[in-house]
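Q: Please take a close look at one part of this model, starting from a single side chain and working outwards. I would like a connected account of its surroundings rather than a list.

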Amino acid sequence: MSRKNLLLSAVTLAVTLILALLAVEGALRVANYPPAPPIGWRWDESPYRAPFNASENQTNQLGLRGNRIEYGTDDFVIVLLGDSQVEAGTQNADKQPEVVLRQELERAGIRKVRVFSVASAGWGQDQQLVWLNEYFRHYRADLVLNWLTPVNDYWENTFVDRSITREAGRLKPTYTLTGDRQLQTVMPASVDLRLASLVGLAKGRISLGNSYTIEQYRLDRWTARLPSSQSPQAASGVCPGNEIDQKILIGAYMSGNRNYTLVTDEDLPDGRSHFSPFLKNQSARDRYAVDVTHRLLEELGNVSKAHNARYLMFHPYRHDLDAAFREIRCVRTADGRLFEYDGSDWMRHLKATSLKDQLITFNVSADEALSSGPNDWHFNEEGNRRAMHALAEILKQKKLVPQAAD
């Protein structure tokens with residue numbers, strides 16, 4: 001066969017193969033196989049809601065828990081942006097922070113104010129960015145207040161799912177950083193090749209069994225792209241012998257325990273943990289988590305500014321939870337590995353950047369713990385009231401809201 005015929009045969013074969021692959025891809029898309037996994041969630045699928053709220057469906061027009069977004073032309077509009085702290089799934093709807101903050105401002109004489117929630121449990125700043133953009137497509141705001149949860153935010157923004165184990169959780173919107181620190185969307189993927197997903201799913205099930213999911217496939221692919229999670233373990237004799245289980249942390253601290261090693265079953269070695277960003281010896285992945293989170297915070301500020309709204313972040317330093325974390329000296333994982341920990345200030349990474357100029361912090365304390373339950377780190381009703389009261393006072397003092405009429 002001549003060289004020309006060989007070339008023609010090769011081209012014909014290549015074209016036939018490409019067309020066949022395109023046909024298979026098309027058939028898989030029509031059949032929706034493997035099924036496209038859901039990405040992100042709102043109140044109807046919130047992972048954190050009390051049993052008595054199981055059928056509660058009071059949502060705003062965005063499908064997020066809270067009052068309907070309605071305001072007058074003269075109203076000062078505040079958006080409370082955040083996660084489960086703002087959604088408050090263990091509280092009645094009339095005790096949500098958006099309601100309590102408005103009431104506290106009204107008690108201070110500020111009448112024409114409206115407060116709306118853009119939040120859901122388990123959201124990092126990635127989902128917050130998606131939904132703040134969606135909010136501004138339809139509504140206005142004068143002030144955006146972002147309730148930060150540092151022990152969640154950093155690791156949540158790192159992965160394409162939300163889970164504190166190696167097993168994939170629900171997929172979510174995710175961003176990464178380009179070389180020039182621009183945000184690039186990772187999830188949902190710009191191109192979703194079903195054939196590649198099918199092959200990856202098949203390989204995973206052959207090696208790991210039928211429990212291997214499409215979510216796990218997406219997570220494994222993404223994790224392989226992340227920086228190394230290797231972090232030096234604690235030297236012998238450094239960690240206190242007094243060990244406290246993570247599940248009883250607040251109760252142990254309030255009972256007088258101090259200077260302890262925390263025991264966790266979370267996937268700390270892979271950076272999928274509440275404790276990852278605050279290890280004394282951070283891994284490259286932990287540093288990435290901090291970098292991408294701070295860039296997302298910058299972008300939330302940019303989006304707010306572009307829509308003529310001021311953007312501020314806030315964090316209430318708690319006498320129970322924050323204080324309990326300050327006493328952690330080391331963290332021990334389920335397999336016995338020990339890592340030195342620095343819980344002195346959850347906001348220290350952010351305070352080391354220019355973002356500190358947009359940060360409001362204040363103390364919230366009481367004689368008893370202000371958590372929703374003995375093993376729950378969220379504010380209870382009284383905790384939310386005290387936090388929103390303190391926040392309202394600061395907003396008024398700093399003239400960040402309209403002043404009360406004389």
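A: Arg 295 is a good place to begin, because its relative accessible area of 7% falls under the 20% limit and the residue therefore counts as buried. The model is a predicted one, and what follows should be read in that light. Arg 295 and Glu 299 join their side chains in a salt bridge, with 3.2 Å from N to O. The two residues are four places apart in helix 9, which means that about one helical turn separates them. Glu 299, at 21% relative accessibility, counts as partly exposed, so a buried arginine is here paired with a partly exposed glutamate.

A salt bridge with the equivalent spacing can be followed in helix 12, where the side chains of Arg 386 and Glu 382 meet at 2.7 Å, N to O. Arg 386 and Glu 382 are four residues apart in that helix and so are also separated by about one helical turn. Here both partners are partly exposed, with Arg 386 at 32% relative accessibility and Glu 382 at 30%. Returning to helix 9, salt bridges that share partners join Arg 181, Arg 295, Glu 298 and Glu 299 into one network. The count for the whole model comes to 28 salt bridges; one of them links the side chains of Glu 56 and Arg 65 at 2.6 Å, N to O. Glu 56 is buried at 17% relative accessibility, and Arg 65 is buried as well, at 1%.

The two helices that carry these pairs both lie on the sheet. Helix 9, residues 284-306, lies across strand 1, strand 3 and strand 10, and its direction makes an angle of about 135 degrees with strand 10. Helix 12, residues 381-397, lies across strand 3, strand 10 and strand 13, running at about 135 degrees to strand 13. The sheet itself is open and is formed by five strands in the order 2-1-3-10-13, with parallel pairing. Strand 2 (113-119) and strand 13 (359-364) each have a single partner strand and stand at the edges, so one side of each is left without a neighbour in the sheet. From one strand to the next, the twist averages 25 degrees. Within the sheet, strand 1 (residues 76-82) pairs with strand 3 (residues 143-147) in the parallel sense over four bridges, and the bridge partner of Leu 81 in strand 3 is Asn 146.

Helix 12 also meets another helix: the buried residues of helix 3 pack against strand 1, helix 2 (84-87), strand 2, strand 3 and helix 12. Helix 3, residues 97-107, is mostly covered, with eight of its 11 residues buried. Its buried residues include Val 99, Val 100, Leu 101 and Leu 105, but also the acidic side chains Glu 98, Glu 104 and Glu 106. Just after helix 3, Gly 109 takes a positive phi of about 95 degrees.

Aromatic contacts also involve the strands that helix 9 lies across. By the rule used here the model has 13 aromatic pairs. In one of them, the rings of Trp 123 and Trp 131 have centres 6.3 Å apart and planes at 10 degrees, so this pair is stacked; both residues are buried. Trp 147 and Phe 314 form a tilted pair, 5.2 Å centre to centre and with 40 degrees between the planes. Because Trp 147 lies in strand 3 and Phe 314 in strand 10, this pair ties together parts that are 167 residues apart in sequence. Trp 147 is buried, with a relative accessible area of 2%, and Phe 314 is buried at 0% relative accessibility. Elsewhere, Phe 275, Phe 325, Tyr 341, Trp 346 and Trp 377 form one aromatic cluster.

Arginine side chains also sit over aromatic rings. Arg 318 lies over the face of Phe 379, at 4.4 Å from the ring centre, and Arg 258 lies over the face of Tyr 253, at 3.8 Å from the ring centre.

Taken together, the view from Arg 295 leads from a salt-bridge network to a helix lying across strand 1, strand 3 and strand 10, and on to an aromatic pair that joins strand 3 and strand 10.

Methods. Residues numbered from 1 in each chain as written. Predicted model: local features only at pLDDT ≥ 70, side-chain atom pairs only at ≥ 80, totals over all residues. Heavy atoms only, no water. Pairing = 2+ DSSP bridges. Axes fitted to C-alpha atoms, helices over the stretch in contact; angles between N-to-C directions. Contact = heavy atoms within 4.5 Å. Phe/Tyr/Trp six-rings, centres within 6.5 Å; stacked < 30°, edge-to-face > 60°. Buried < 20%, exposed > 50% of the residue type's maximum accessible area, 1.4 Å probe, protein only. Lys NZ or Arg CZ within 6 Å of the ring centre and 35° of its normal. Salt bridge = Lys/Arg side-chain N within 4 Å of Asp/Glu carboxyl O.
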